[in-house]
Amino acid sequence: MAAAAQRIAVIGGGPGGLYAAALLKRLDPHRDITVWERNAPEDTFGFGVVLSDETLGGIEHADPVVYRHLSEEFVRWDTIDIVHRGRTHTSGGHGFAALGRRRLLEILHARCASLGVHLRFRTPAPPAAELAARHDLVIAADGVHSATREAHADAFGPRLTAHRNRYIWLAADFALDAFRFEIAETGHGVQQLHAYPYAADASTVIVEMREEVWRAAGLDTAGPAESVAHCAKTFTEALDGRPLRANKSSWLTFRTVVNSHWSHGNTVLIGDAAHTAHFSIGSGTKLAVEDALALAACVEEQPDLPTALDAYERERRPVVASTQRAAAASLRWFEELAAYVDQPPRRFAFNLLTRSRRVTHDNLRLRDATFTAAVEEEFGCPPGTPPMFTPLRLRGLELRNRVVVSPMDMYSALDGVPGDFHLVHLGARALGGAGLTMTEMVCVSPDGRITPGCAGLYTDEQAAAWRRITDFVHTSADGAAIGVQLGHSGRKGSTKLMWEGIDQPLDTGNWPLSAASPIPYEPGVSQLPQALDRAGLDAVREQFTAAARRAAHCGFDLLELHCAHGYLLSGFLSPLTNHRTDAYGGPVGNRLRYPLEVFDAVRAVWPQDRPMTVRISATDWAQGGTSTEDALTVARAFAAHGADAIDVSTGQVVPGERPEYGRSYQTPYADRIRNTVDVPVIAVGAISSWDDVNSLLLAGRADLCALARPHLYDPHWTLHAAAEQGYSGTAAPWPLPYRAGSRPPPTGRTDAPKPRLTLD
């Protein structure tokens, strides 16, 4: 039974509002539906819109009439041209459909009129609260500057984020034959063009650049005609000397809109009023139309309006969140475009195509195998070798592939001594094919442990136990390397085992804590640490060097210094945890001082032919914490002191953090460091598939990829990745006793006999 929504008001006559009105009227012709639109019917902003095949499929199913009219108008193409430093790289197989925004509105106007929807043009809508009192349902489709959302901000909980680029929507009176990205390196900075055809004789042209480039070019004071002329001159080759035209065009700053709630009483937000996603993934109109489809379906399917609005939000929110994450990655890529322009040409093109992480190495290979093969060749992949199975040399260590088993605390040591569990845990993952298997954080002193179950390297007994593990890896896992991560818990120590209460102090047997500043991790819960004085700083530094000497004697191939996640050295780096007023506090250069002293001391005793890496938290995910510039400064400083790679993690520094979780969510920080600082990086953080690994490597966002949970799920993750890609080379050798299992086991047949005859 449909929800009781007979009188419906729609605020805003854009595609989302119009389509919602048409669908709801079509589902129940007795409904009284009115659309208020402040502009005239012929008015529109922008030029072309792009819709995906998925969205078109939904339209075809819901309203064949609209679909038929759209199909008659669409311009379709499947290639993307990327123009960079005079070279054009073309990738095919992408599939786009576009039409003019004005024509889209005309189709929807006609459909609404034919169904009996009341269209009130040149008429601002009454306030949403007033409409809500007279209607069963109010649909707020009033755009990014939604007056409805702002009037009821306390209910919707909007968060608006302005970004760093300026852009302008223009048009050219000819049809491009592909979606075109073009990069112009001007005397003022990098400017970029996004352009695509939307009619037989017209193309949308968007020009975008950083705010400082826009100002340096004088566009902040330029009039509309000057701005249009500037864009046409900058991209004259793409336009073949033709002019550009405007349509109420001005320079804009993109704003990401997020709302805590999408409905309030009988008022609901759709489209840009509810959420925005950057235009570089072509999603604005697409999301609005999909919102309309979902809202109409939920109103039809659910027994009452509150249930319908709740179902609409539950259905759409995960889809929108995923799109917004992809759009945010794409937006950031274009904001940081200047960092990528010196990449090799095919890598640059691949990086641009995969910037949102929705297009990956594997599906790009399906779309355009020739293009992808050229990118692989430029990267240095031998024929038949996926990128993840190419070697990497760090000093005297050559890793057979680019996969790292990320450090994972096991909390299973006894008095710091790793036992049989650690032998099996680390040994199994080394046998599983990874190029480098890392230990958990190995603590440099009893007081530097996180929990009583943490492993250490401060006694000879512990060293002997670690030697047993490294010997096994080197003798039983052909070509595998094993690294040790050294760290000190700082203010996050003396806590229970993770599964007994993460970050909770021990009930008994606590040990004293030390930190950069006397700030407890969780106020009112955690123990108050003592700020390290000169003697304490020296003592901890010596603990690190003693552990490093033991690690060298144990036979570890690589040493990583843990300067992340709020532990002792990380506590010096973050302004949220370092409030010192001496030479070790204040600006980032001072906050770096002690971690660098420890690094230098460890590097001095660690064998010169063996590499050292440093794990950092590139953001604290908290206001006032480590900035992007801080992270770059930290990475640059460690590289200058001899770090062979930076292992780029994030967060876990303060309990009030707000991470932006999602697939590969930390990799943009590794990307930024790698392409700004001349140092290899290890990417980590929700990297879950071999396709992600190959994509990150080929795009130049990482040199190594560290995976944690996938290796807990499957100790032989790397070998299985090789088998799934049809790779059987030396970079992923199956141990001799396991070789019979190097192919997936057969399963029962699931296919049924095919019908051969049709009998009357």
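Helix 23, residues 628–640, lies across strand 24, strand 25 and strand 26. Its direction makes an angle of about 170° with strand 25. The model in which this packing is seen is a predicted one.

Strand 24 spans residues 558–563 and strand 25 spans residues 612–617. These two strands pair in the parallel sense over 5 bridges. Within this pairing, L561 stands opposite V614 of strand 25. Strand 26, the third strand under helix 23, comprises residues 645–649.

The three strands belong to a closed barrel of 8 strands, which runs in the order 19-20-21-24-25-26-27-28 with parallel pairing. On average, neighbouring strands of this sheet are turned by 25° against each other, direction ignored.

Strand 21, residues 481–487, is also part of the barrel. The loop between strand 21 and helix 18 (498–501) holds K492. This lysine is buried, yet K492 has no salt bridge. The side chain of opposite charge nearest to K492 belongs to D503, 5.0 Å away; a salt bridge would require a distance within 4 Å.

The side chain of K492 does reach two backbone oxygens, as tabulated here.

| Side chain | Backbone oxygen reached | Distance |
|---|---|---|
| K492 | H565 | 2.7 Å |
| K492 | Q652 | 2.8 Å |

Both H565 and Q652 also appear among the contacts of K492 when its neighbours within four places in sequence are left aside. The other residues in contact with K492 on that basis are I450, D503, Y521, G566 and Y567. D503 is thus in contact with K492, although K492 forms no salt bridge.

Definitions and conventions. Residues numbered from 1 in each chain as written. Predicted model: local features only at pLDDT ≥ 70, side-chain atom pairs only at ≥ 80, totals over all residues. Heavy atoms only, no water. Pairing = 2+ DSSP bridges. Helix = DSSP H or I, 4+ residues; strand = E, 2+ residues; numbered from the N terminus. Axes fitted to C-alpha atoms, helices over the stretch in contact; angles between N-to-C directions. Contact = heavy atoms within 4.5 Å. Buried < 20%, exposed > 50% of the residue type's maximum accessible area, 1.4 Å probe, protein only. Lys, Arg positive; Asp, Glu negative; His and termini not counted. Polar contact = N/O pair within 3.5 Å; in protein donor to acceptor, adjacent residues only side chain to side chain.
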